[in-house]
Amino acid sequence: MAAAELMPGQRRFTPAAVGADLLLLVWFVFSLFPLLWLVLLSLKTSAEQTSTYFAFSPTLENFSTVLSDQGTRLTSVNFLSALVSSVLSCGGAVLVSLVIGIPAAYAAGRWRFRGSDDLMFTILSFRFAPELMVIVPLFVIYNQIGLFDTKLGLVWVLQLVTMPLVIWILRSYFEDLPEDLEQAALLDGYTRRRAFVMVALPLVRPGIAAAALLAFIFAWNSYIFPLILTGGTNGTITVAVARYLGGGGQAYYNLTAAAALIGALPPLVLALTIQRYLVRGLSFGAVKS
Amino acid sequence: MSTSAHRGHDHSRRSVLKSLGLAGGGLASIPLLNACGVGTGTGSSGGASAGSAADEVTGAFDWKKASGTTLNVLQTPHPYQQSFQPLLGEFTELTGIEVVPELVPEADYFTRLNTELQGQGGNYDVFMTGAYFIWTYGPPGWMEDLGPWIANESATNADYDFEDIYEGLRKATQWDFQTGSPIGTGGQWAIPWGFETNVIAYNKRLFDERGVRPAETFDELVELATDLTDRSAGRYGIAFRGSKSWATIHPGYMTQYTREGAVDYTSADGELTAAMNSPEAVAFTQKWADLARNAGPANWTSYEYPDCTRDLGNGSAAMVFDADSATYPQNQPGASAEAGNLAWHPGPAGPDGSYATNLWTWSWGMNSASKNKLAAWLFMQWATGKDAMNEAVQQGAFADPVRESVFNDSFVQTLGAFPGYQETFEKVIDSTTIQFTPQQAFFQTTEDWATSLQNIYNGADAQSELDSLADRSTTAVNQG
């Protein structure tokens, strides 16, 4: 007997399909649980932070503590200025990476020469080098040239995080872009630079948005570089959040959770703002023709 | 078209190479190679104090001598730091020195401090340090010898009274950096600020209910902890640290290890020989691992001190063998479910009645690369002086103060609801110091020791495990 025809969107209820759905559901809960736990923790009082699971009296006090003078007293750093410092240094780092990285990615995607792959892997290796391995020489150099605890210093060192990402992601976009378009422009009398700016660049806009967002998130999450290379003035949000972990037997897990949630907002807002480009951008370039 | 593309390619390659050459030349002109001097430091080493910056301070003592200086202080969040933070304004008023504190989370504190000292950047003048870290940071010359500063009457207030700091603590922060030399020799590399003795804190409510008393010998402790363990009721007998870290060895384990008559190393002709495999050490270590298995927390091998004190506070652990200052906050009103029910006891005496106790002290060290050494010394002197410490103690979270006068004057007054705390302290203080032999491979060898302890806990043969640990440790400590 032939199986009944299924309407579009209708699914067959077989034990395997139901089992797969259940597994997906379990995985979904498992993946999101840390986030849920973070939200719950941020709503607990100090007395309830280690003694309760789901039943407690929620309070928003932790958020106001983090943003107030009391938080500054606990951590000796103003959380809002750390937030501003993070936005400026990560934004600056991404901007610099885009200005230098887009032409570099274009060149890497369009021309091959002897050693071009080696060069690309050298750039990528900056991303893989353990930060702790290079931090002492960097610290010494930063002290000598006066870049310790400066925004410029932070923007510079974050290039190790953002630049390889931007170049590698955008290279694959440029490689996927049909060369014929630029050649047609060249035939029409465009210079190479004009063909790049007027023809190639607008077509990879979604890629730029995706690369910029990813680079921003990676820079935002960077911890070791700002921990070692900044002091109290230009410290970033990751370092400010970790300060709430305390010491000497006093850990403010609830305040840490509240601070981490506030700290996660800027990348989230940014992602929502450029969502339009993002969905296309993340999948575009993933499959090569 | 392809020709034009190639031409563009050649052109841009030449330009790139040209630009790279220029950039390379520019970079080479920056004297980065000076950085090769990393770690050589400018301070004295080996306990010698020739040419100390303290000698440049002359004339009558005056708190205002470094007025107008800005002092950068590296700290980690701690009740000691929080007790002093409100007092920093008074220090500025007294000296005219502005203090800029920088807090680094405890987990990353020593990574940050290590980089700072190794880089000799001098960004921080004064820093919090533990005594064991002197054995790593002192020998390369990263720390200033404070002996000449204490001795100089022009730099040190006549009322400072360094001898008022408990002797065991003063000695714990001195060493001459020679393998085989004990603590208490050589320079004074840090000034103790707050400290902790490792003793038993117990749930008095539970003990009273069960009609039991704290154990006086180690065998009694094993029996008591086992009796108090009731896994079905979510309660176990005793908590102590068990993670794979040097910090597992130094509190309860090292305290009782020493009381049982064991030592970590023996010394002869400037060479150390590890003694973790001596008969008394093996017997004790086996009992300790068994105690953890039979009466300790279920996931003991990940236990650190906040886990131990949390379990005491919420009533799941009947006893904790760890720092008195870490269990102290759990008894403050509202701090935990068992607040008000806790009490303290020196812990088991050794077979010969020994109450030898290992300590941890948060101390102040001075960066040898500091450009503001006088201001740094005035700050250290103020923070470890009687007046500020008395004030900090009155804030109610400064356990234990390092000065005998402050302990007897202000601290004792805070101990009304802390049964046995004072008696315990008085019982052990004369035999409290660092019980380890100072050596530069301390963290490596002590972490290795914790690994062996875990292996024994997991069923490895104690004798062969500790024989192999002793072999490795002897090699490690005599290198260099």
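Where is the place of D409(B)? You'll find D409(B) in helix 16 of chain B, which runs over residues 404-411. Keep in mind as you look around that this is a predicted model. Is D409(B) buried, exposed or partly exposed? It counts as partly exposed, because 15 C-beta neighbours lie inside 10 Å, and the partly exposed class sits between 12 or fewer for exposed and 20 or more for buried. Now jump 54 residues along the chain to Q463(B): the C-alpha atoms of D409(B) and Q463(B) are separated by 48 Å.

Q463(B) falls in helix 19 of chain B, residues 462-477, and that helix helps us into our next stop, helix 18. Helix 18 of chain B covers residues 442-457. You can check its length yourself: at 1.5 Å a residue, its 16 residues should span 22 Å, and the end C-alpha atoms are indeed 22 Å apart, so the two agree. Plenty of this helix is tucked away from view, with F442(B), T445(B), T446(B), D448(B), W449(B), A450(B), S452(B), L453(B) and I456(B) being buried. What covers these buried residues? The cover includes helix 5 (131-137), helix 10 (246-259), helix 11 (279-295) and helix 19 of chain B. Just after helix 18 ends, look for G459(B), which takes a positive phi of about 110°.

Next, let's go to where the two chains meet. The contact takes 36 residues from chain A and 40 residues from chain B. On the side of chain A, the elements giving two or more residues are helix 3 (69-75), helix 6 (131-144), helix 9 (179-187) and helix 12 (224-229). Helix 6 of chain A supplies the largest share, eight residues. Sorted by class, this side of chain A has 19 nonpolar, 14 polar and three charged residues.

Let's zoom in on helix 6 of chain A and a partner across the contact. Two packed helices are described by the angle between their axes and the distance between the axes. The axes of helix 6 of chain A and helix 4 of chain B (residues 106-119) come within 9 Å and cross at roughly 55°. That angle makes helix 6 of chain A oblique to helix 4 of chain B, and the crossing is right-handed. Which residues make the contact? From helix 6 of chain A come I135(A), V136(A), F139(A), V140(A) and N143(A), while helix 4 of chain B brings T115(B), Q118(B) and G119(B). By class, this helix-to-helix contact has four nonpolar, four polar and no charged residues.

Key:
Residues numbered from 1 in each chain as written. Chains lettered and ligands numbered in written order. Predicted model: local features only at pLDDT ≥ 70, side-chain atom pairs only at ≥ 80, totals over all residues. Contact = placed C-beta atoms within 7 Å. Helix = DSSP H or I, 4+ residues; strand = E, 2+ residues; numbered from the N terminus. Nonpolar A, V, L, I, M, F, W, Y, C, P; charged D, E, K, R; others polar. Expected span 1.5 Å × (residues − 1). Axes fitted to C-alpha atoms, helices over the stretch in contact; angles between N-to-C directions. Parallel < 35°, antiparallel > 145°, perpendicular 65-115°, else oblique. Left-handed = near helix turned anticlockwise from the far one by under 90°.
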